[in-house]
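Biologist: Please take me through this structure by way of its charged pairs, its buried side chains and its core. I shall ask short questions and should like each reply to end on the value or name requested.

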Amino acid sequence: MAQNAKNLIGLTGIPLVMVIGNSMLIPVLPTMKNKMELTSLQTSLLITAFSIAAGIVIPLAGYLSDRFGRKIVILISLALYGTGGLLAGLAALWLDQPYMLIMGGRVLQGIGAAGTAPIAMALVGDLFEGASESKALGLMETSNGMGKVLSPIFGALLALISWYMVFLAFPIICGVVLVLFLFLTKEKKQERQPLPVKQYLHRIAQVFKQHGKWLVPAFFIGSICLFTLFGVLFYLSDLLEEKYKIDGVIKGGFLAIPLLVMSIAAYVTGLIIKKKLGLMRLFVIVGMFLLAASYVLASFVKGAYALIGILIIGSIGTGMILPCLNSMIVGAVQKAERGMITSLYSGVRFIGVAVGPPIFTWLLGISRTVMFFSIAGLSLVFAILAIFFLKPKQAEQGGQNQEQDAAKERETKAWRQVSEVLGIEPETQQEKRRARAIEKYGFDVNDLFARILSGKKEKEKN
């Protein structure tokens, strides 16, 4: 087996481990609420404690991975993650009032989660290049999505034994992933100079000075996707159990439907986008508009089944957005800075997960319509911001294809200007429209479809 394939097998389990930390608990939260006699806010904090801890520690994990290597940070993080689950499970098994110790276990799990998928994403950037990098990142996001799909069902199955079995499953899963990663994934040897914290922070500031105009909106868009996803799942889990009396594996299956669609969309997107920044940008913009539309429609739908159907539209949008943002962010910075930037991005995403359930609970207390229109409005605002500000540039300087494309574009433009001056080939209205579109949006839709069609024709010829 080729080393690249081994690397992928070892890496793809890591995003799955990270996401089950919350997704596996979602269908069991109402049962935990009843068993431990918790309020809705206390129940939502079981998600928030994990996510806040991860969000805070992720930048530190990124710094450590840049300084000491990605692999050692991931291995230690997986061990902490499993230990936190074991602590929470044993507390539930042995104590009459286990809530506070479970919260401690969740915080420890969050600290462990900080060094898993975010660092694995940076490691993908180290190990893969070009189109294979985009495909690998798409596969990582698909693994993340599949974790979301399977974990509600798996969590519901474990709850048939006992509600605390979800916690005891974590050390087993983490152990398996740790062994696969340890023996299959080989990190490239690099000379890493210890970087002082002051210089580390300065380099982060430099990256944001250079790329901040589009990087900040990209961070927030990723956070909004996870914020709305977990907020809606938290709401849907309560709705299915409290109003429709749907529980157990059936409820887990219903919760998995939008997540399955999202993971499929993420995988297909990863295959399509390759390293085409204009196409990535288009997918993010379209995805945000789909999110906004799905939540507007959801506000008018009353039945749970119809609501799940509407949320599928938003799931397609999320699946289009996340792999594109991953590729944009990984490709925008030099390899030495990827750990810090991808970690910051993942930290912002985790903050979105953390605030989702409590904010959705608060908005739902006002009204269901207010809840859906608020998140639809937020998605729409960032869709518009993406049109004007999300214009990344590739950081790698040596890409021959990009240089050739740029040279060709300059040559074409020069000949067009000469022709206009000589009166041989006046600029057409179509060319003017194309120039305005590229200047304003960074790409031309007609060119995009022409390239897609030409790509298909080339494949047919081959």
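**Buried charges and the core**

Biologist: Is Glu241 buried or exposed, and what is its relative accessible area?

Modeller: The model is predicted, so local features need pLDDT (the predictor's confidence in each residue, from 0 to 100) of at least 70 and side-chain atom pairs count only at pLDDT 80 or more, whereas totals for chains, interfaces and linings use all residues. Residues are numbered from 1 along each chain as its sequence is written, and side-chain values use heavy atoms, with hydrogens and water left out. Buried means under 20% relative accessible area, exposed over 50% and partly exposed in between, with a 1.4 Å probe and protein chains only. Glu241 therefore counts as buried, its relative accessible area being 12%.

Biologist: Which residue forms a salt bridge with Lys251?

Modeller: A salt bridge requires a side-chain nitrogen of Lys or Arg within 4 Å of a carboxyl oxygen of Asp or Glu. For Lys251 the closest N and O atoms are 2.7 Å apart, and the partner is Glu241. This pair links distant parts of the chain, Lys251 in helix α10 (residues 248–273) and Glu241 in helix α9 (residues 197–242). Lys251 is itself buried, at 0% relative accessibility, and the residue asked for is Glu241.

Biologist: How many salt bridges does the whole structure hold, and which residue pairs with Asp126?

Modeller: A search of the whole structure finds two. In the salt bridge of Asp126, N and O lie 2.8 Å apart, and the other side chain is that of Arg70. The two residues are 56 residues apart, Asp126 in helix α6 (residues 117–127) and Arg70 in helix α4 (residues 70–94). Asp126 is buried at a relative accessible area of 2%, as is, at 1%, Arg70.

Biologist: What is the nearest side chain of opposite charge to Lys71, and how far away is it?

Modeller: Lys71, found in helix α4, is buried yet has no salt bridge. A polar atom of its side chain does lie 2.5 Å from the backbone oxygen of Thr185. Contact means heavy atoms within 4.5 Å, and the contacts of Lys71 beyond four places in sequence are Phe181, Leu182, Thr185 and Glu187. With Lys and Arg counted as positive, Asp and Glu as negative, and His and the chain ends not counted, the nearest side chain of opposite charge is Glu187, at 7.0 Å.

Biologist: Which helix gives the most residues to the largest nonpolar core?

Modeller: A nonpolar core is a set of buried Ala, Val, Leu, Ile, Met, Phe, Trp, Tyr and Cys residues joined through side-chain atoms within 4.5 Å. The largest has 129 residues, and those with the most contacts inside it include Met32, Trp163 and Phe167. Met32 touches, among others, Trp163, Val166 and Phe167. The helix that gives the most to this core, with 21 residues, is α9.

Biologist: How many helices and strands does the chain have?

Modeller: Helices (H or I, at least four residues) and strands (E, at least two) are DSSP runs, numbered from the N terminus. Of the 462 residues, 52% count as buried. The chain has 17 helices and zero strands.

Biologist: Where does pLDDT stay under 50?

Modeller: The chain averages a pLDDT of 82, and 82% of the residues score at least 70. Where pLDDT is low, the predicted coordinates should not be read in detail. The stretch under 50, with nine contacts beyond four places in sequence, covers residues 396–408.

Definitions and conventions
A polar contact is a pair of N or O atoms within 3.5 Å; within protein, one must be able to donate a hydrogen and the other to accept it, and residues adjacent in sequence count only if both atoms are side-chain atoms.
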